Amino acid sequence: MLGDQIRTRRELLKDADRRYSLRQVAGRVGIEPAYLSKIERNEVPPPGEETIKKISRDLELDPDVMLAMAGKISSDLQEIIRKRPLLFSKMLRALKEAPDHAILEVVREVTDGDW
Amino acid sequence: MIQLKGTNLVLRFPQVHPKAKASIEFMRTLRVPNDGNTYPLPAGLGSFELEHIEDHKAQLPEDWLKRGGVMLPMFQSEAMWISFNGTYPIALKVATGKINAITGELWTNELTDEPQNYVVLSEQPWLDGYAVEQGTVRQFVATPLGSGESAEEQITGEAAFGGIQIQAFPMKREVYKELFESPKLTDEVQQYLEIPAFLRRCSEPAMGLVPGGSIAQEIHKDEYGLDAWDLSAGSRCFIHTVNSEAWSELTDLPMPHKPISARDYKSANIPWFKYYAQDKKALPGSAILQKLKSKKEKPATKREDAEIGQNMSDLPVVKLRRSDVVTEGVF
């Protein structure tokens with residue numbers, strides 16, 4: 001579950017760096033430590049998209065994976081589908097059963113960075 | 001967008017035109033002798049392998065990862081030419097160590113026509129080296145980055161980048177429609193498909209490229225003009241050339257090929273090529289690149305060079321034209 005993932009990751013980082021205490025992580029994310037504690041123990045429904053993204057960034061987790069664990073889809077992805085619903089719904093359904101390597105073959109671009 | 005398909009970098013610009021695509025392949029070849037003579041085009045003896053750089057990020061330097069792109073393994077004794085395939089006109093800039101291979105100038109993200117800093121696909125089927133003078137290029141030859149020999153180090157005094165850089169700009173959709181989608185031009189356009197490109201298929205981890213021996217090759221002048229290119233649709237790629245000695249350590253993969261020797265080339269009776277495009281004007285070449293020193297020759301290489309140089313007359317030379325029909329050679 002989302003809370004377990006956050007807690008496991010945070011405690012792993014805390015072993016090497018005290019900045020990952022419950023209090024300090026909550027402070028950087030902008031929520032109360034008690035609320036973060038409840039999230040970690042799955043005592044409250046998953047927080048909103050922005051909070052999940054902030055927690056993911058702080059703990060170096062993939063925000064899309066964390067949102068999926070919370071049953072959510074990033075708003076930028078929703079916007080992409082909303083703009084061309086026929087094309088993207090058709091594409092996603094077509095790729096539904098495809099293995100990872102086949103999907104990468106379709107969508108993977110060579111990256112261009114800073115040079 | 002640029003995708004990696006096998007050993008090809010595939011350029012696609014679907015936002016400009018469905019036909020706006022081309023592929024680029026880096027071909028392994030023999031180093032032509034650096035003896036003052038100008039040689040015909042050597043054949044390609046297979047492609048250089050390419051790998052997404054992110055697939056090997058655990059062992060790679062941080063600055064390589066920041067640049068993105070692909071990795072290409074290369075032996076220090078190897079040379080390369082670059083093969084272009086596609087029918088849609090694309091302006092392509094090619095640099096090594098961020099030194100433009102057509103003008104000798106430092107890399108910029110701009111396309112310029114004074115001097116022309118790009119080649120035009122598919123008018124230009126191949127690029128074998130640095131454009132040093134009209135009708136002559138000096139071959140792309142590998143050298144370890146940091147040796148002081150690479151074109152980059154000779155011009156900038158630094159071994160900062162190495163590798164190969166490309167940037168592509170497709171022809172504007174409206175220009176293409178006007179020039180190539182009118183019915184009367186269909187036959188002429190078809191000829192582009194018939195360029196027999198595949199006939200030629202018959203320390204520091206980073207590798208740089210240095211001018212080697214001279215090869216007869218024209219870099220064609222852009223007949224469309226700078227306004228024909230869609231400058232808003234450019235795509236770039238950094239190709240990290242990796243020394244064969246470091247390839248396995250960085251990627252956990254074996255070197256995918258062995259270097260080609262002059263003896264291999266000669267014993268296989270592989271032909272050389274001459275390419276004619278009589279209706280095309282050639283660029284004058286770069287005075288900057290002309291001044292560059294060649295790779296220092298090792299004694300063994302010199303012997304091989306002398307041997308292959310003396311026996312040039314024994315090897316067949318195949319003449320190619322743009323309109324030649326594609327046939328498979330026997331290599």
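The following exchange concerns a predicted model and covers a helix pair in chain A and a cavity lined by chain B.

Biologist: Why are α2(A) and α3(A) called roughly perpendicular?

Modeller: The axes of α2 (residues 22–29) and α3 (residues 33–40) of chain A cross at roughly 105 degrees and come within 8 Å. Angles from 65 to 115 count as roughly perpendicular, so α2(A) is roughly perpendicular to α3(A).

Biologist: Which residues bring α2(A) and α3(A) into contact?

Modeller: From α2(A), Leu22(A), Arg23(A), Val25(A) and Ala26(A) meet Pro33(A), Leu36(A), Ser37(A) and Glu40(A) of α3(A). These residues divide into 5 nonpolar, 1 polar and 2 charged. Arg and Glu count as charged, and the contact includes Arg23(A) and Glu40(A).

Biologist: What do the elements of chain A look like from the N terminus on?

Modeller: They run α-α-α-α-α-α-α-α, with 8 helices and 0 strands. Of the 115 residues in chain A, 29% are buried, where buried means under 20% relative accessible area.

Biologist: What makes up the lining of the second largest cavity?

Modeller: The cavity has a volume of about 30 Å³. Trp64(B), Arg67(B), Phe161(B), Gly162(B), Gly163(B), Ala206(B), Phe238(B), His240(B) and Thr241(B) line it. Two or more residues come from each of α1 (62–67) and β17 (235–243) of chain B, and β17(B) gives the largest share, 3 residues.

Biologist: How many of the lining residues of that cavity are polar, and why do Gly162(B) and Gly163(B) belong with them?

Modeller: The lining divides into 4 nonpolar, 4 polar and 1 charged. Gly counts as polar, so Gly162(B) and Gly163(B) fall in the polar group.

Definitions and conventions. Residues are numbered from 1 along each chain as its sequence is written. Chains are lettered from A and ligands numbered from 1 in the order in which they are written. This is a predicted model: local features need pLDDT of at least 70, side-chain atom pairs count only at pLDDT 80 or more; totals for chains, interfaces and linings use all residues. Side-chain values use heavy atoms; hydrogens and water are left out. Axes are lines fitted to C-alpha atoms, for helices over the stretch in contact, and angles run from 0 to 180 degrees between N-to-C directions. Helices (H or I, at least four residues) and strands (E, at least two) are DSSP runs, numbered from the N terminus. Angles under 35 degrees count as roughly parallel, over 145 as roughly antiparallel, 65 to 115 as roughly perpendicular and the rest as oblique. Contact means heavy atoms within 4.5 Å. On a 1 Å grid over the protein atoms alone, a cavity is a set of points where a 1.4 Å probe fits but cannot get out, and a pocket is an open set with protein on both sides within 12 Å along at least five of seven lines; lining residues have an atom within 4 Å of a point. Grid points are joined across faces, edges and corners, and a volume is the space filled by probe spheres set on the points. Buried means under 20% relative accessible area, exposed over 50%, partly exposed in between (1.4 Å probe, protein chains only).
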